[in-house]
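Work through the exercises below with the sequence and the model open side by side. Try each task before reading its solution.

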Amino acid sequence: MTDLRVRFAPSPTGMFHVGGARTALFNWALAVRSGGRFVLRIEDTDATRNRPEWTEGIISALDWIGINGGAPAFEGPYFQSAYEPQHREAVAKLLADGKAYHCDCTRELLVARTGSEHKGYDGHCRDRGLTEGAVRFRTPDEGVTVVDDVIRGRVEFPNDAQEDFVIARTDGSPLYVLANAVDDITQGITHVVRGEEHLGNAAKQQLLWPALGATPPVWAHLPVIVNEQRKKLSKRRDKVALEDYRAEGYLAEAMVNYLMLLGWGPGDDREIMPWSEMVPLFRLDAVNSSSAYFDEKKLRAFNGEYIRALPLETFEERCAPYLEADWDREMFSKVAALAQTRIAVLSEIRQNVDFLFLDEPVFDQASWDKAMKNSPVEILTGYLERLDTVSWDPESLKEALEAVGTANGLKLGKAQAPVRVAVTGRTVGLPLFESIEVLGRERAQDRIRAALARLRG
């Protein structure tokens, strides 16, 4: 099926929605698997959204998830605004063929005629022979418009329930429903894979394509993505910007893996699998029509799996943007393997290792209050003394604290808490004794002395 051509046609909005990323990936998988083409078209005709940096944001986001001009399947970007002559020609053709007509009705006039604010357009201008005004497409009066959807099956739209919809404004500029169809026809698009919110547009475009002398494409409308409350993901209440996840330290590989499973599965029990293995298995007709739950906790778990699978050197490189520029990379390398098993997103690396690079640890007050509430002066004092002579390796450091804890009637777990907070500032983090080893004898002792001084007021 080398002649397959799918398109991804986002509008610049200042952020790239994870739902859009899922749609792009499904299109990309279909194109790559079939040996076809993925056509990127930027729908830039809205002047309020036509900002170069927003377009660059789309291209950057796609590149991050592996969709870019470096692959044979990629084509574009094209810009919808460049096709305005074709849009206007299409409107003129539909008018000349009697398949569209001018209309000067306002909403107020329609309500006055029908007596209702909820009724659709009543066809008042169909036969008035106007030469100015908005342009409406003449929909059939009887029968049904059928959209054969790969995912949803046969979807019927009764024609008597479809109003004559507007395809061009009074100034002649086209509306989305027409421009989108004309662009797809012009670019030879064979498959339209998009979100289910466009299913209503498909009914209109199913009429427009043959009216313009073209065969409609294969339709596939992806299930809506919902949040924990099973409400459609919304940028007003949900974390939906791909850029935010990227900045937080989610890996592109993990994001791609997770998004591909929102509505589709490989057919076995595996979930963690690379893109290269998913593509040969991907089929549009295996996509579920039910809504897909975007579970950030599960995405986080995926990301942790991918982080742990990185070669250590790669992990260190990916952590670099989240570390201070002047931090000792050689020292970081000593604890990188420990940190790699404990973080789920790269931005968490700082709070796990910052104690190594600061003159004093950043004390988390809640951690301090919890660890120091049972008067741990004896523990800290006893351990401080033993640090003078103990062999400087994790096992010896552990045995020294165990001995102090036993002398004070505490198991190691209880004895560790005040020492950990004194040394690192937090109750959780890297393994304690490996951390103390890397920190060094003098710095570790200084921090315990500072904690004792703070306890004593």
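The exercises go from the whole chain to single elements and residues of this predicted model.

**Exercise 1. Overall form**

Task: Set the radius of gyration of the chain against that of a compact globule of 457 residues, and describe the extent of the chain.

Solution:
1. For a compact globule of 457 residues, the radius of gyration would be near 23 Å.
2. The chain has 31 Å.
3. Along the principal axes, the C-alpha trace spans about 100 × 50 × 40 Å.
4. The secondary structure of this chain consists of 19 helices and 12 strands.

**Exercise 2. Burial, surface and charge**

Task: State what share of the residues is buried, what supplies the exposed area, and how the charges are placed on average.

Solution:
1. Buried residues account for 49% of the 457 in the chain.
2. The exposed area is about 21,700 Å², and 48% of it comes from carbon and sulfur atoms.
3. There are 56 positive and 68 negative charges, and their mean positions lie 3 Å apart.
4. Of the contacts between residues at least 6 apart in sequence, 74% join residues at least 24 apart.

**Exercise 3. Strand pairing**

Task: Find the sense in which β6 pairs with β7 and the sense in which β1 pairs with β2, and give a residue pair for each.

Solution:
1. Strand β6 (residues 144-149) and strand β7 (residues 153-158) run antiparallel and are joined by 6 bridges.
2. The connection from β6 to β7 is a hairpin through 3 residues.
3. Valine 147 has valine 155 in β7 as its bridge partner.
4. The pairing of β1 with β2 is parallel, over 4 bridges.
5. Here arginine 7 stands opposite valine 39 in β2.
6. Strand β2 (residues 37-42) is largely enclosed by the rest of the structure, because 5 of its 6 residues are buried.

**Exercise 4. Two helices and their packing**

Task: List the buried residues of α5 and α15, then name the elements they pack against.

Solution:
1. Helix α5 (residues 176-186) has 8 of its 11 residues buried and is mostly covered.
2. The buried residues of α5 are Val177, Leu178, Ala179, Asn180, Ala181, Val182, Asp183 and Asp184.
3. They pack against the strands β1, β2, β8 (166-168) and β9 (191-195), and against the helices α3 (84-96) and α6 (199-211).
4. After α5 comes glycine 188, with a positive phi near 65°.
5. In helix α15 (residues 377-386), the buried residues are Ile379, Leu380, Gly382, Tyr383 and Leu384.
6. Their packing partners are α16 (394-407), α17 (412-424), α18 (432-439) and α19 (441-455).

**Exercise 5. Backbone geometry**

Task: Locate the cis peptide bond that involves proline 77 and the residue other than glycine whose phi is near 65°.

Solution:
1. The cis bond is between glycine 76 and proline 77, with omega about 5°.
2. Proline 77 belongs to strand β3 (residues 74-79).
3. Arginine 230 has a positive phi, near 65°, and is not a glycine.
4. The place of arginine 230 is the loop between β11 (225-226) and α7 (242-248).

**Exercise 6. Three residues and their surroundings**

Task: Classify leucine 299, leucine 358 and histidine 17 as buried, partly exposed or exposed, and give their contacts beyond four places in sequence.

Solution:
1. The cut-offs needed are under 20% relative accessible area for buried and over 50% for exposed, with partly exposed in between.
2. Leucine 299, in helix α10 (residues 296-309), has 0% relative accessibility and is therefore buried.
3. Leucine 299 is in contact with Tyr245, Tyr250, Ala254, Met255, Tyr258 and Phe294.
4. Leucine 259 is 40 residues from leucine 299 in sequence, and their C-alpha atoms are 8.8 Å apart.
5. Leucine 358, in the loop between α13 (349-353) and α14 (365-371), has a relative accessible area of 22%, so it is partly exposed.
6. Leucine 358 touches Arg443 and Arg447.
7. The C-alpha atoms of leucine 358 and tryptophan 327 are separated by 9.0 Å, with these positions 31 residues apart along the chain.
8. Histidine 17, in the loop between β1 (5-8) and α1 (18-34), is partly exposed because its relative accessibility is 25%.
9. The contacts of histidine 17 are Leu233 and Val240.
10. Valine 438 is 421 residues from histidine 17 in sequence and 42 Å away, C-alpha to C-alpha.

Definitions and conventions. Residues are numbered from 1 along each chain as its sequence is written. This is a predicted model: local features need pLDDT of at least 70, side-chain atom pairs count only at pLDDT 80 or more; totals for chains, interfaces and linings use all residues. Side-chain values use heavy atoms; hydrogens and water are left out. Two strands pair if DSSP finds at least two bridges between them. Helices (H or I, at least four residues) and strands (E, at least two) are DSSP runs, numbered from the N terminus. The radius of gyration is taken over C-alpha atoms; the globule rule is 2.2 Å times the number of residues to the power 0.38. Buried means under 20% relative accessible area, exposed over 50%, partly exposed in between (1.4 Å probe, protein chains only). Contact means heavy atoms within 4.5 Å. Accessible areas come from the Shrake-Rupley method with a 1.4 Å probe; for residues, only the protein chains shown count as cover. Lys and Arg count as positive and Asp and Glu as negative; His and the chain ends are not counted. The place of a charge is taken as NZ of Lys, CZ of Arg, CG of Asp or CD of Glu.
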